[in-house]
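User: I should like to understand the reasons behind the terms used for this structure. Please set each value against its definition.

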Amino acid sequence: VPRHRLSDEIEKIVQEHLKFDLVDDFNSNIWELLAADGEMKVYRRELEENGIVLDPLKAVHSVKGVTGHEVCKYFWDPAVRMEWEGTLDSSRMLEALSDDTLIFNQVHKRVWPAAQRDTCFWSHIRSVSKENKNDLDDWIVVNYSTTHDSAPIKEPMIRAWANVALICSTIILNRDKYADLSSVPRENLVCKITYVAQVNPGGWAPANVLRAVYKREYPKFLKRFTQYVMDKTKKLPILL
Ligand SMILES: CCCc1ccc(-c2ccc(S(=O)(=O)CCO)cc2)cc1[C@H]1C[C@H]1c1ccccn1
């Protein structure tokens, strides 16, 4: 795997996500259910630092008819970002550090009365093999804020900081019926999705406003993205 200037940081952050995000800690009372819609459940933890809302967000979802590779690929692919992302004014891919690591600069739609935000982050995609060799690999995308010469912080824009992971497992129903996995019909696929996001809005914004935006935006964002992947893959051969 070709190394680059961010390889060490990426390895550290990805391993942290793989170690912590899939822990089922929902029965403890640290998570508060923000929204539930069918199989999708979105939780938050209240966390503030110097009066700035940093609420960690964790969502789980179960989507029929797609693989984890497909979900992560569409989440990572710069070519389709503006097709599914409804919260952005723009998205620019600044640099491809390798075939699995890109750097983005994105301008978020303004959330009144807060000032407009932009983000600059590396986005890394990889597969993670399972203990049971019969299982399909898990897939993960991590979006983690970084700096870049082509994305200077320019007033009045405020730079928000994000640490986001999308982790997907694929379940094949009636697995033993199929010798060749690529012939599995889509109705026998279930993708288990875990999405975690910790965003620092980068500057003061009223806590009640930010919490209202999180409560509104994240469930909508996840529902829109997963529906987009189902629509895009419906007629395509499965990507294992
Ligand atoms: C004041 C704005 C703060 C703010 C900055 C940034 C983000 C944010 C960053 C990254 C990602 S992602 O999942 O990596 C997809 C990248 O295209 C999603 C969201 C969210 C918010 C907060 C507002 C919340 C929100 C949640 C969901 C979508 C959009 N906005």
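**Pockets, packing and peptide bonds**

Analyst: In this predicted model, 16 residues line the second largest pocket, and F20, D21, R45, V196 and Q198 are nearest its centre. The volume of the second largest pocket is about 360 Å³.

User: What makes F20 a lining residue of the second largest pocket?

Analyst: A lining residue must have an atom within 4 Å of a point of the pocket. F20 is listed among the residues that line the second largest pocket, so F20 meets this cut-off. Helix 1 (7-20), strand 5 (57-64) and strand 12 each supply at least two residues of this lining.

User: How are the lining residues of the second largest pocket divided by class?

Analyst: The lining has 8 nonpolar, 3 polar and 5 charged residues. Asp and Arg count as charged and Phe and Val as nonpolar; therefore D21 and R45 are charged, whereas F20 and V196 are nonpolar.

User: What is the volume of the largest pocket, and which element gives the most to its lining?

Analyst: The largest pocket has a volume of about 720 Å³. Among its 32 lining residues, T87, H108, T119, V199 and Y218 are the closest to the centre. Helix 4 gives the most to this lining, with 7 residues. By class, the lining of the largest pocket comprises 18 nonpolar, 7 polar and 7 charged residues.

User: Why are helix 2 and helix 4 called roughly perpendicular?

Analyst: Helix 2 (residues 68-76) and helix 4 (residues 207-233) pack at an angle of about 115 degrees, and their axes are 10 Å apart. Angles of 65 to 115 degrees count as roughly perpendicular. Helix 2 and helix 4 are therefore described as roughly perpendicular to each other. The crossing of the two helices is right-handed.

User: Which residues of helix 2 and helix 4 meet?

Analyst: From helix 2, E70, V71, Y74 and F75 meet F221, F225, Y228, V229, K232 and T233 of helix 4. These contact residues divide into 7 nonpolar, 1 polar and 2 charged. Glu and Lys count as charged, so E70 and K232 belong to the charged class.

User: Where are the cis peptide bonds before P113 and P156 placed, and what are their omega values?

Analyst: The peptide bond from W112 to P113 is cis, with omega near 0 degrees. P113 lies in the loop between strand 7 and strand 8. The bond joining E155 and P156 is also cis, with omega about -5 degrees. P156 is in the loop between strand 9 (138-145) and strand 10 (158-159).

Technical notes:
Residues numbered from 1 in each chain as written. Predicted model: local features only at pLDDT ≥ 70, side-chain atom pairs only at ≥ 80, totals over all residues. Heavy atoms only, no water. Axes fitted to C-alpha atoms, helices over the stretch in contact; angles between N-to-C directions. Helix = DSSP H or I, 4+ residues; strand = E, 2+ residues; numbered from the N terminus. Parallel < 35°, antiparallel > 145°, perpendicular 65-115°, else oblique. Left-handed = near helix turned anticlockwise from the far one by under 90°. Contact = heavy atoms within 4.5 Å. 1 Å grid on protein atoms, 1.4 Å probe; cavity = no way out; pocket = protein on both sides within 12 Å on 5 of 7 lines; lining within 4 Å. Points joined across faces, edges and corners; volume = space filled by probe spheres on them.
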